[in-house]
Amino acid sequence: MQATIAILPGDGIGAEVTREAVKVLRAVETKFGHRFDLPEALIGGAGLDAENDPFPQQTAAICADAAAVLLGAVGGPKWDNVPTESRPEKGLLRLRAALNVFANLRPVAPHPILSGASPIRAELLKGVDIMVVRELTGGIYFGEKSRTQDSATDVCTYTRGEIERVLHIAAKLAAGRRNKVTSVDKSNVLETSRLWREVTTELMQRDYPGMELEHLLVDAAAMHLLSRPADFDVLVTENMFGDILTDEASMLAGSMGMLPSASLNDGSVGLYEPIHGSAPDIAGRNIANPCGTVLSAAMLLRLSLGLDEEAAAIEDAVNRVLSDGLRTGDIARAGESAIGTAEFGSAIAAAVAA
Ligand code: NAD
């Protein structure tokens with residue numbers, strides 16, 4: 001297969017972790033006889049510095065021509081004081097809008113060997129395999145905003161259509177897993193959540209009658225994620241709740257650096273990125289964990305290019321490298337030695353090639 005994948009390293013550790021994912025994609029290319037064109041483009045602070053734009057036109061053009069986009073991370077203290085409209089994060093929001101990716105998938109399936117790296121007790125982590133589906137382009141992050149000296153508003157809006165399209169993605173994923181959907185809202189207080197619950201109940205009864213449906217309030221869900229994480233299959237929720245719950249869920253896997261994500265639209269073009277940010281505290285030191293980005297590349301191969309075997313080869317390679325005892329600093333326990341980002345990425349690439 002020949003495919004173009006746009007590579008957007010972004011800022012901070014973004015460049016370090018995408019470099020490793022590219023190494024792994026090159027290993028897949030050689031092993032399976034594909035040809036990947038991997039044009040690089042600027043986004044976030046890197047775009048601001050070079051082009052005075054966090055989502056430069058050339059980047060938009062490269063992404064528009066690509067089968068999928070792999071991104072590192074954006075942002076950092078250097079750009080903390082630039083005006084809201086040109087902040088690095090705005091570049092990411094514009095990219096998501098350009099690709100119209102409305103569903104963000106975040107799998108949380110902790111590797112058993114890393115259970116000691118999680119603050120949650122090992123026996124609670126047994127069998128945990130959650131797919132969080134977060135609505136990505138609606139809700140309070142995108143609503144009207146206002147600000148005076150002494151008051152501020154952020155409007156939260158959802159439409160039936162926005163809720164239905166993300167629910168279909170969640171239910172279809174559940175159909176290929178354990179056939180259970182947990183929908184998270186705050187319907188005891190919020191009108192948008194009451195609509196969310198009503199639409200969810202109707203749609204699931206109508207289109208997925210045999211599927212188990214559970215409703216949870218977001219405050220209870222935050223607790224259940226830690227007290228009974230193995231009970232969840234697909235968890236679907238609105239934008240802000242998903243943002244918060246996925247960071248919480250990442251701790252089941254031991255480190256933010258382990259988790260990948262995919263952002264999808266109605267078609268096959270997707271945006272793939274680790275769930276972490278640009279980690280300025282560790283940037284440039286070759287100590288970031290590249291697994292989240294490498295596993296995002298695996299999701300890309302599976303979901304945008306239909307390359308299941310190749311995706312599984314990457315996931316197996318990550319598992320093997322972890323089973324062999326290799327660790328980056330964030331997942332090394334006391335007494336375990338850690339290797340660098342580049343060395344870890346090379347080990348994964350070598351395991352793919354083997
Ligand atoms: P962060 O995710 O960058 O870092 C949180 C903590 O996790 C830090 O201690 C960091 O060192 C650690 N960490 C993150 N990724 C890691 C990895 N791969 N390996 C090892 N340790 C890792 O969140 P933050 O510090 O709140 O934000 C830093 C910047 O990133 C901010 O400018 C923020 O706006 C931006 N951000 C960007 C995205 C994105 O690009 N999608 C997401 C979140 C935050």
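Author: Two residues are in contact here when heavy atoms of theirs lie within 4.5 Å of each other. The model we are looking at is predicted.

Reader: Thanks! With that in mind, which residues of H6 meet which residues of H7?

Author: On the H6 side they are Arg 160, Ile 163, Glu 164, Val 166, Leu 167, His 168 and Ala 171. Their partners in H7 are Leu 195, Trp 196, Glu 198, Val 199, Thr 200, Glu 202, Leu 203, Met 204, Arg 206 and Asp 207. Sorted by class, this contact has nine nonpolar, two polar and six charged residues.

Reader: And what makes H6 oblique to H7?

Author: Helix H6 (residues 160-175) and helix H7 (residues 191-207) pack at an angle of about 50°, and their axes are 10 Å apart. Angles from 65 to 115 degrees count as roughly perpendicular and those under 35 as roughly parallel. An angle of about 50° falls in neither range, so H6 is oblique to H7. The crossing of H6 past H7 is right-handed.

Reader: Let's turn to H1. Why is H1 called oblique to H10?

Author: The axes of H1 (residues 13-32) and H10 (residues 291-303) cross at roughly 45° and come within 8 Å. Roughly parallel would need an angle under 35 degrees, and roughly perpendicular starts at 65, so the pair counts as oblique. H1 passes H10 in a right-handed crossing.

Reader: What do the residue classes look like where H1 meets H10?

Author: H1 brings Val 17, Thr 18, Glu 20, Ala 21, Val 24, Leu 25 and Val 28, while H10 brings Thr 293, Val 294, Ala 297 and Leu 301. By class that gives eight nonpolar, two polar and one charged residues.

Reader: How do you know what to call the packing of H1 and H11?

Author: H1 and H11 (residues 308-323) pack at an angle of about 130°, with axes 11 Å apart. Roughly antiparallel is reserved for angles over 145 degrees and roughly perpendicular ends at 115, so H1 is oblique to H11. This crossing, too, is right-handed. Val 24, Val 28 and Phe 32 of H1 make the contact with Glu 309, Glu 310, Ala 313 and Ile 314 of H11. The classes here are five nonpolar, no polar and two charged residues.

Reader: Finally, the ligand: what makes the pair with Ala 279 a polar contact?

Author: A backbone N or O atom of Ala 279 lies 2.8 Å from an oxygen atom of the ligand. The cut-off for such a pair is within 3.5 Å, so this one qualifies. The side chains of Glu 273 and His 276 each place an N or O atom 3.3 Å from a nitrogen atom of the ligand. In total 20 residues surround the ligand, the closest being Val 74, Glu 89, Gly 277, Ala 279 and Asp 281.

Note on methods: Residues are numbered from 1 along each chain as its sequence is written. This is a predicted model: local features need pLDDT of at least 70, side-chain atom pairs count only at pLDDT 80 or more; totals for chains, interfaces and linings use all residues. Side-chain values use heavy atoms; hydrogens and water are left out. Axes are lines fitted to C-alpha atoms, for helices over the stretch in contact, and angles run from 0 to 180 degrees between N-to-C directions. Helices (H or I, at least four residues) and strands (E, at least two) are DSSP runs, numbered from the N terminus. A crossing is left-handed if the near helix is turned anticlockwise from the far one by less than a right angle, and right-handed if clockwise. Ala, Val, Leu, Ile, Met, Phe, Trp, Tyr, Cys and Pro count as nonpolar, Asp, Glu, Lys and Arg as charged, and the others, Gly among them, as polar. A residue is near a molecule or strand if one of its heavy atoms lies within 4 Å of it. A polar contact is a pair of N or O atoms within 3.5 Å; within protein, one must be able to donate a hydrogen and the other to accept it, and residues adjacent in sequence count only if both atoms are side-chain atoms.
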